[in-house]
Amino acid sequence: MFLYCKKYKLNFFTMQSYFCIVYMLMYSINKWGCYLNGCCSCVYGIFPLQILESMLMFILFICLYRLLKNKGSYYCISMFLILFGIIRFVVDYFRYARDILLYNLTLSQLICIIFIIIGVIMFIRKRKAIE
């Protein structure tokens, strides 16, 4: 995407923020496919985990869409990384099939931690630039 933006002289962060918004919508729709297929099931079996994750991601889609309109692309990307990381990290604890990698965390959760750290750094850097 970086090379595409450079070639057509587009703002990279604006394109990334559009991608984040579209990704959340696609992800929420994708989880309905998981539900119909029966994968990614919940450990406790009380509530379909895929439906819960789909609803959370759709709410995040709406929040990011509004955030892009009000605050701009840099905030949208940093909030995407932070909130997506938190949601995936928490939801992954309730999955039936968990491949533990390190300190009772899955690879997905370790990647989510990296997302959250990068998002917080981006958010702090933007706040300092404003002040």
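1. Two residues are taken to be in contact when they have heavy atoms within 4.5 Å. On that basis, the buried residues of H3 pack against H2 and H4. The model under discussion is a predicted one, and the points below should be read accordingly.

2. Overall architecture. The protein chain contains 5 helices and 2 strands. Read from the N terminus, the order of elements is α-α-α-α-β-β-α. Along the principal axes, the C-alpha atoms fill a box of roughly 45 × 30 × 25 Å. Of the 131 residues in the chain, 33% are buried. Among contacts between residues at least 6 apart in sequence, 60% join residues at least 24 apart.

3. Helix H2. This helix covers residues 12-37. H2 has 26 residues, and its first and last C-alpha atoms are 36 Å apart, close to the 38 Å expected at 1.5 Å a residue. Its buried residues are Ser17, Cys20, Ile21, Met24, Tyr27, Ser28, Lys31 and Cys34. The list includes a lysine, Lys31. These buried residues pack against H3 (49-70) and H4. As background for reading such a list, an α-helix has 3.6 residues a turn, so residues three or four places apart point the same way.

4. Helix H3. With 22 residues, H3 reaches 31 Å from first to last C-alpha, close to the expected 32 Å. Leu49, Gln50, Ile51, Glu53, Ser54, Met57, Leu60, Phe61, Leu64 and Leu68 are its buried residues. Glu53 and Gln50 are among them. As with H2, whose buried residues pack against H3 and H4, the packing partners of H3 are helices, here H2 and H4. Just after H3, Gly72 has a positive phi of about 110°.

5. The largest pocket. It holds about 160 Å³ of space. The lining consists of Phe12, Gln16, Phe19, Cys20, Tyr23, Ile77, Phe80, Leu81, Phe84, Phe115, Ile118 and Met122. Helices H2, H4 (73-92) and H5 (107-130) are the elements that each give two or more residues to this lining. H2 supplies the largest share, 5 residues. By class, the lining has 11 nonpolar residues, 1 polar residue and no charged ones. Gln16 is the polar residue, since glutamine falls outside both the nonpolar and the charged groups.

6. Cysteines. The count of disulfides is 0. For Cys20 the reason is distance: the closest cysteine sulfur, in Cys76, lies 5.7 Å away, and that is too far for a bond because a disulfide needs the two sulfur atoms within 2.5 Å. Cys63 is likewise in no disulfide, as the nearest cysteine sulfur, again that of Cys76, is 10 Å away. Cys20 has a relative accessibility of 2% and therefore counts as buried, the limit being under 20%. Cys63, at 42%, counts as partly exposed. Cys20 also appears in the lining of the largest pocket.

7. Cys42. This residue sits in the loop between H2 and H3. Although in a loop, Cys42 is buried, with a relative accessible area of 17%. Leaving aside residues up to four places away in sequence, Cys42 touches Phe47, Leu49, Phe94 and Tyr96. Leu49 is also one of the buried residues of H3. The C-alpha atoms of Cys42 and Leu101 are separated by 19 Å, with their positions 59 residues apart in the numbering.

8. Ser78. Ser78 belongs to H4. At 1% relative accessibility, Ser78 counts as buried. Not counting residues up to four places away in sequence, it touches Gly119, Met122 and Phe123. Met122 is also part of the lining of the largest pocket.

9. Positive phi outside glycine. Most residues other than glycine have a negative phi. Lys9 has a positive phi of about 55°, and Asn104 has a positive phi near 60°. Where do these two residues lie? Lys9 is in the loop between H1 (2-7) and H2, while Asn104 is in the loop between strands E1 (100-102) and E2 (105-106). Lys9 is exposed, with a relative accessible area of 75%; Asn104 is partly exposed, at 45%.

Key. Residues numbered from 1 in each chain as written. Predicted model: local features only at pLDDT ≥ 70, side-chain atom pairs only at ≥ 80, totals over all residues. Heavy atoms only, no water. 1 Å grid on protein atoms, 1.4 Å probe; cavity = no way out; pocket = protein on both sides within 12 Å on 5 of 7 lines; lining within 4 Å. Points joined across faces, edges and corners; volume = space filled by probe spheres on them. Helix = DSSP H or I, 4+ residues; strand = E, 2+ residues; numbered from the N terminus. Buried < 20%, exposed > 50% of the residue type's maximum accessible area, 1.4 Å probe, protein only. Expected span 1.5 Å × (residues − 1).
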